[in-house]
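Please walk me through this model, stop by stop. I have the viewer open and want to know what to select next and what is there.

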Amino acid sequence: MSAPFRFPRFFVTAPSPCPYLPGKTERKVFTELRGPHAAELNEALGRIGFRRSQSVAYRPSCAGCQACISVRVVATEFRPNATQRRLLRRHGDIEVSACEAWTTEEQFSLLRRYLSVRHPDGGMHDMDEMDFADMVEQTPVDTYMIEYREPGVGGKPGRLVGACLTDRQSDGLSMIYSFFDPDHPERNGLGNFIILDHIVHAAKAGLPYVYLGYWVEGAPRMRYKVRYRPLEKLTPRGWEPFEPVSVERGPSPRILAGAK
């Protein structure tokens, strides 16, 4: 007989500077993921806008601000546009492997290069190997480190050029954190390729969604998330189609796939 389900206890963090919108403060509501029902709880909370970090599920709860919007790609209806098709072909030789959620020195070295170039002033810049191990390995759910490598030579694994910590859920893939080689002279667009690869693999597996976390209106760092259509956002009425008009793009894949 399974253990009885207990309603989780929720807590709120103290206000701190918002990392996305200057002059704003952020606050999060969170709960611990533990026990035999941790995976079920994580999935249920994920559908109402929570994200996972180690064994904690959290979501923004900022006074007077609702700029953070949960978004997900409808993977089973996604059709890449011309730019995305070229990107998939360009990196078509990359070897993708779903590894256990266990860190390596190679992954950490790649993460350090990525942070130093893309987020030198970010909150993760001072992350050490123990912090990285905690981020990846402390998980109560079905989690993988997806590795992206160039073709190997002589039976040896190729160079690691990208990685993504990913949770597999019953309704899709949740991209927790991705990083990649920011200076590779022949591998432009690796971050976008990693997202495209997740969408393609989710669709092949019959998983309807790829969860991308939060999109923030007015935050340049979040603009890339709306390049992948059809996209849905979480509203007080539930998940609804999302068609932001502030982003330049080609013909909407929703037209090709049919409106949902």
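Select Val210 first. Its relative accessible area is 0%, so Val210 counts as buried in this predicted model. Val210 lies in strand E12. Now show what surrounds Val210. Leaving aside neighbours within four places in sequence, Val210 is in contact with Arg72, Val73, Ala75, Leu173, Met175, His198, Ile199 and Ala202. Next, pick the C-alpha atoms of Val210 and Val71. They are separated by 8.9 Å, although the two residues are 139 residues apart along the chain.

**The sheet**

Colour the strands now. In what order do the 8 strands of the open sheet run? The order is E8-E9-E10-E11-E12-E7-E13-E14, and the pairing is mixed. Go to the edges. Strand E8 (95-100) and E14 are the edge strands, and each pairs on one side only. Look along the sheet to see the twist, which averages 35° from one strand to the next.

**Strand E7 and its partners**

Select strand E7 (68-74). Of its 7 residues, 5 are buried, so E7 is largely enclosed by the rest of the structure. Turn to the E12 side. E7 and E12 run antiparallel and are joined by 7 bridges. One pair to label is Ile69 with its bridge partner in E12, Trp215. Then turn to strand E13 (residues 231-235). Here 3 bridges join E7 to E13, again in an antiparallel run. Label Val73, which stands opposite Leu231 in E13.

Stay in E7 and click on Ser70. Is Ser70 buried or exposed? The relative accessibility of Ser70 is 8%, under the 20% limit, so Ser70 counts as buried. Show the contacts of Ser70. Not counting residues up to four places away in sequence, Ser70 touches Gly49, Gly213, Tyr214, Glu232, Lys233, Leu234 and Trp239.

**A look at the cysteines**

Display the cysteine sulfurs. How many disulfides does a search of the whole structure find? The search finds 0. Cys65 is in no disulfide, and the nearest cysteine sulfur is that of Cys62, 5.7 Å away. Cys68 is in no disulfide either; for Cys68 the nearest cysteine sulfur is also that of Cys62, 6.0 Å away. Check the surface at Cys68. Its relative accessibility is 30%, so Cys68 counts as partly exposed.

**Strand E10 and its neighbours**

Move on to strand E10 (160-169). E10 is mostly covered, with 9 of its 10 residues buried. Add strand E9 (residues 143-149), which pairs with E10 in the antiparallel sense over 7 bridges. Two pairs are worth labelling here. Thr143 has Asp167 of E10 as its bridge partner. Tyr144 stands opposite Thr166 in E10.

Now add strand E11 (172-180). E10 and E11 run antiparallel, joined by 8 bridges. The two form a hairpin with 2 residues between them. Keep Asp167 selected: its bridge partner in E11 is Ser174.

**Helix H5 on the sheet**

Bring in helix H5 (residues 190-204). H5 packs on the sheet, where it touches E7, E8, E9, E10, E11 and E12. The direction of H5 makes about 160° with that of E11.

Next, show helix H2 (residues 82-90) beside H5. The axes of H2 and H5 come within 10 Å and cross at roughly 95°. That makes H2 roughly perpendicular to H5. On the H2 side, select Gln84, Leu87 and Leu88, which make the contact with Asn192, Phe193 and Leu196 of H5. Colour these residues by type: 4 are nonpolar, 2 are polar and none is charged.

**Last stop: helix H1**

Select helix H1 (residues 38-46). Which residues of H1 are buried? They are Ala38, Leu41, Asn42, Glu43, Leu45 and Gly46. Now show what covers them. The cover includes strand E4 (28-32), strand E5 (51-53) and strand E6 (56-60). It also includes E10, strand E12 (209-216) and strand E14 (238-242).

Key. Residues numbered from 1 in each chain as written. Predicted model: local features only at pLDDT ≥ 70, side-chain atom pairs only at ≥ 80, totals over all residues. Heavy atoms only, no water. Axes fitted to C-alpha atoms, helices over the stretch in contact; angles between N-to-C directions. Helix = DSSP H or I, 4+ residues; strand = E, 2+ residues; numbered from the N terminus. Parallel < 35°, antiparallel > 145°, perpendicular 65-115°, else oblique. Contact = heavy atoms within 4.5 Å. Nonpolar A, V, L, I, M, F, W, Y, C, P; charged D, E, K, R; others polar. Buried < 20%, exposed > 50% of the residue type's maximum accessible area, 1.4 Å probe, protein only. Disulfide = S-S within 2.5 Å. Pairing = 2+ DSSP bridges.
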